[in-house]
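Me: Please help me read this model one step at a time, beginning with the ligand and then turning to the helices.

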Amino acid sequence: MNVDQQEIEKFTAIASRWWDLEGEFKPLHQINPLRVDYIIEKITGQSRPVNGFNNDVLSGLKIVDIGCGGGILAEALASYGAHVTGIDLAEESLTVARLHALEKHVKNVTYQHISAEDFALANTEHFDVVTCLEMLEHVPDPSAIVRAAALLVKPNSPVFFSTLNRNFKSYLMAIVGAEYVMNLVPKGTHDFNKFIKPSELMRMIDNTPLNIKATMGLHFNPLTQDYYLSNTNIDVNYIIHCHK
Ligand code: SAH
């Protein structure tokens, strides 16, 4: 199976802290509003209103979130009205995700412990949107996940991937900076060798019926401790928006 058990154990060990806004997953909480707005803009073709999108902007859409973890993205998309299924192979993370949805009364999100490949065989062309963020750099064969995402999405529908680029700058920012200098995430969270260059991810996408529509970089400013999007710089963390 396309899973690195050590990766699952790493996430299992800290699963109880998925919703601790100051804990190990703080960076994911901080980037979440940015990536959610980006995804909604691409899905709907609307730009974000000053006061944010209405909470029914995604109603009627079925979304699958691959590698959902504690549900940071899945629950946010559900809060905009989508019916979201989160899948992951770390059972403890799913338990935390289910509890959090109960606590927040988010009813239209469900979670399943299943691999993307198995889920895709059972749910081919079942989803209006597929998201797979910050997950590909944790699996032995990311191209199999890309193929599963392409199978899951309906024709003429969007898929979003995000991961970390592999170069000296991403090494400095995502490993030295985030794990050692700023202690943003635990040491060993990321393995530099598993980072994926945009050209590599694009090749994986090109081997499926998906077409690339746009790329967007996501950056951390160590001085202001803020994150921001940039469509001219995909040196470190980046999102690829594609379409079947
Ligand atoms: N997508 C979420 C979580 C990213 S953390 C977000 O962006 O907020 C990476 C997640 O990938 C973890 O939850 C981990 O358990 C999951 N993961 C790692 N290997 C996996 C695999 N082979 N199949 C499914 N999920 C996996």
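**The ligand and two helices**

Me: How far is an oxygen atom of the ligand from an N or O atom in the side chain of Asp-88?

Reply: This is a predicted model, in which local features need pLDDT of at least 70 and side-chain atom pairs count only at pLDDT 80 or more, while totals for chains, interfaces and linings use all residues. Residues are numbered from 1 along each chain as its sequence is written, and side-chain values use heavy atoms, with hydrogens and water left out. A polar contact is a pair of N or O atoms within 3.5 Å, and for the ligand oxygen and the side chain of Asp-88 the distance is 2.7 Å.

Me: What share of the ligand's exposed area does the protein bury?

Reply: Accessible areas come from the Shrake-Rupley method with a 1.4 Å probe. Taken alone, the ligand exposes 570 Å², and the part of this that the protein buries is 98%.

Me: Which residue has a polar backbone atom 2.7 Å from a nitrogen atom of the ligand?

Reply: A ligand nitrogen lies 3.1 Å from a polar backbone atom of Asn-2, so that residue does not fit the distance asked about. The polar backbone atom at 2.7 Å from a ligand nitrogen belongs to Gly-67.

Me: How do the axes of α6 and α8 cross, and which term describes α6 relative to α8?

Reply: Helices here are DSSP runs of H or I with at least four residues, numbered from the N terminus. The axes of α6 (residues 142-152) and α8 (residues 198-206), which are lines fitted to C-alpha atoms over the stretch in contact, come within 9 Å and cross at roughly 45°. Angles under 35 degrees count as roughly parallel, over 145 as roughly antiparallel and 65 to 115 as roughly perpendicular, with the rest oblique, and therefore α6 is, relative to α8, oblique.

Note on methods
A polar contact is a pair of N or O atoms within 3.5 Å; within protein, one must be able to donate a hydrogen and the other to accept it, and residues adjacent in sequence count only if both atoms are side-chain atoms. Axes are lines fitted to C-alpha atoms, for helices over the stretch in contact, and angles run from 0 to 180 degrees between N-to-C directions. Helices (H or I, at least four residues) and strands (E, at least two) are DSSP runs, numbered from the N terminus.
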